[in-house]
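Hi,

Here is the structure I said I would pass on. Have a look at it first, and my notes follow below.

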Amino acid sequence: MTEREAQKKPRVAILISGTGSNMLAIIEACKSSALDAEIALVVSDNPNAPGLAKARDAGIETVSAVYERGVPREKNERLIAETIKNKKIDWIVLAGFMKILSADFVKQFPGRIVNIHPSMLPAFPGAHAIRDALEAQADCAGVTIHIVDEFVDHGPILAQEEVPIQPGDTEESLAERVHAVEHRLYPKTLQQLFHEDI
Ligand code: GRF
């Protein structure tokens, strides 16, 4: 690939808080060219997120943006917003980022933030979607990929897939099947989004 072709790739920042398995699936998809994008930055609000070390191992620049207690959300987000602007990022991809982004942050990157959520939104928003689906004795959990707006787990839906709940499922067994769907669906949907197929 020429330098010019490489420059045309959309520049992506992935925001994580934990394991980073979706982040890794996206990185792998870029390596295999299934996803035509450059992961230019990985940001975590948690300096101990295992995903950060995995990103560094993949040669990706990482930033820890630790939130201070008692400080307005917008102030805590300042480092993230500035770094994203400095790095000329085209798309912000949330992959298990557990902080709620302020409306002010979202307004700075309108239509440019994507999230993945482990339910068939609008069913089961919030931090415990898989547990909530099990407790509600729902027929299925699922995966939703959507553009982020100023509301939580809300915004235009790009892709959705049901994950049926099976008898005897535990939070762990169900989460494992949800993750398998996420790892396939997220890179595929991002490819479509970045290259205007949706
Ligand atoms: C995923 O299930 C995603 O849907 C949710 O957080 C989880 C992150 O998992 N938003 P991982 O860190 O990518 O393994």
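**Around the ligand**

Sorted by class, the shell around the ligand holds two nonpolar, seven polar and one charged residues; here Ala, Val, Leu, Ile, Met, Phe, Trp, Tyr, Cys and Pro count as nonpolar, Asp, Glu, Lys and Arg as charged, and the others, Gly among them, as polar. A quick note on the source: this is a predicted model, where local features need pLDDT of at least 70 and side-chain atom pairs count only at pLDDT 80 or more, while totals for chains, interfaces and linings use all residues. Residues are numbered from 1 along each chain as its sequence is written, and side-chain values use heavy atoms, with hydrogens and water left out.

The residues surrounding the ligand (a heavy atom within 4 Å of it) are Thr19, Gly20, Ser21, Asn22, Gly96, Ile116, His117, Pro118, His179 and Glu182. Helix 2 (21–31), strand 5 (113–117) and helix 8 (171–194) each give at least two residues to that shell; helices (H or I, at least four residues) and strands (E, at least two) are DSSP runs, numbered from the N terminus.

Some N or O pairs to check on screen (polar contacts are within 3.5 Å):

- Ser21: an N or O atom of the side chain is 2.5 Å from a ligand oxygen.
- Gly20: a backbone N or O atom is 2.8 Å from a ligand oxygen.
- Asn22: a backbone N or O atom is also 2.8 Å from a ligand oxygen.

On its own the ligand exposes 370 Å², and the protein buries 84% of that (Shrake-Rupley, 1.4 Å probe).

**Elsewhere**

There are eight salt bridges, counting a side-chain nitrogen of Lys or Arg within 4 Å of a carboxyl oxygen of Asp or Glu. One of them joins Glu28 and Lys31 at 3.7 Å, N to O. Both residues lie in helix 2, three residues apart, about one turn of the helix.

The loop between strand 5 and helix 7 (129–135) contains Pro122, and the peptide bond from Leu121 to Pro122 is cis, with omega near 15°. Phe124 lies in that loop too, and has a positive phi of about 50° although it is not a glycine.

Cheers

Notes. Polar contact = N/O pair within 3.5 Å; in protein donor to acceptor, adjacent residues only side chain to side chain.
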